[in-house]
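The following exercises concern a single protein chain. Please work through each task with the sequence and the structure at hand before reading its solution.

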Amino acid sequence: MTRVVLSIGSNLGDRLARLQSVLDGLGPAVRAVSGVYETDPWGGLEQGRFLNAALIAEDPDYDGQGWLRRAHELEDAADRVRGERWGPRTLDVDLVTCHQTSPAGDTLVVSRDDGLTLPHPLAHLRAFVLIPWLEVEPDAELPVAGQSRPVSTLVTELDPADRVAVRLTGLTLRATGGTDR
């Protein structure tokens with residue numbers, strides 16, 4: 001069994017429907033989903049605001065590469081065009097962390113090859129990833145420079161302007177197999 005934390009975002013078209021398409025596409029694999037946040041774009045390019053959320057999913061058939069393929073399939077179904085780095089997009093599905101789960105406990109999946117970098121190398125710098133993730137997993141930890149750090153601590157270390165740029169909306173996403181938010 002693998003457990004993954006996904007960060008999802010959209011700033012083109014029907015943004016909420018694009019996020020919902022991820023939950024619909026993952027179906028009963030979704031275990032928890034955050035509220036929907038509106039966020040300012042990250043990366044310095046002028047563009048519209050994003051809707052973002054975080055979700056936790058589990059599936060016995062996926063490893064890290066399997067989750068990456070599934071994320072790309074969901075993006076392709078939303079007509080994602082990979083153009084400008086950090087540019088506008090119909091849908092972005094990022095793997096933040098992946099764990100192999102067993103009765104003996106969880107093991108963090110670490111990958112630096114085949115187009116997959118886990119844990120996500122920039123997650124600790126992104127309020128739009130950390131704040132929604134913290135909502136669904138208050139005790140979450142993320143390795144940074146080889147040391148496991150509480151996500152709650154990482155959030156407090158972000159620039160206050162980055163934190164306030166992540167605003168909870170009244171919008172909701174519906175999971176078919178996990179927790180509704």
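**Exercise 1.** Determine in which strand Asp92 lies, whether Asp92 is buried or exposed, and which side chain Asp92 contacts.

*Solution.* In this predicted model, Asp92 belongs to strand β5, which covers residues 92-102. The relative accessibility of Asp92 is 12%. Buried means under 20%, so Asp92 counts as buried. Finally, a polar contact at 3.3 Å joins the side chain of Asp92 to that of Arg89.

**Exercise 2.** Establish how many residues of helix α3 are buried, and name them.

*Solution.* Helix α3 comprises residues 127-136. The buried residues in α3 are Ala127, Phe128, Val129, Leu130, Ile131, Pro132, Trp133 and Val136. Because 8 of its 10 residues are buried, helix α3 is largely enclosed by the rest of the structure.

**Exercise 3.** Characterise the second largest pocket by its volume and its lining.

*Solution.* The volume of the second largest pocket is about 170 Å³. Its lining consists of 13 residues, with Arg112, Pro119, Pro143, Val144 and Ala145 nearest the centre. By class, the lining holds 8 nonpolar, 4 polar and 1 charged. Strand β9 (residues 141-144) gives the most to this lining, namely 3 residues.

**Exercise 4.** Assess the confidence of the model along the chain, and identify the elements with the lowest and highest mean pLDDT.

*Solution.* The chain has a mean pLDDT of 90, with 91% of its residues at 70 or more. Among its elements, the lowest mean, 87, is that of strand β7 (residues 111-113), and the highest, 98, that of helix α4 (residues 151-157). Predicted coordinates should not be read in detail where pLDDT is low.

Methods: Residues are numbered from 1 along each chain as its sequence is written. This is a predicted model: local features need pLDDT of at least 70, side-chain atom pairs count only at pLDDT 80 or more; totals for chains, interfaces and linings use all residues. Side-chain values use heavy atoms; hydrogens and water are left out. Helices (H or I, at least four residues) and strands (E, at least two) are DSSP runs, numbered from the N terminus. Buried means under 20% relative accessible area, exposed over 50%, partly exposed in between (1.4 Å probe, protein chains only). A polar contact is a pair of N or O atoms within 3.5 Å; within protein, one must be able to donate a hydrogen and the other to accept it, and residues adjacent in sequence count only if both atoms are side-chain atoms. On a 1 Å grid over the protein atoms alone, a cavity is a set of points where a 1.4 Å probe fits but cannot get out, and a pocket is an open set with protein on both sides within 12 Å along at least five of seven lines; lining residues have an atom within 4 Å of a point. Grid points are joined across faces, edges and corners, and a volume is the space filled by probe spheres set on the points. Ala, Val, Leu, Ile, Met, Phe, Trp, Tyr, Cys and Pro count as nonpolar, Asp, Glu, Lys and Arg as charged, and the others, Gly among them, as polar. pLDDT is the predictor's confidence in each residue, from 0 to 100.
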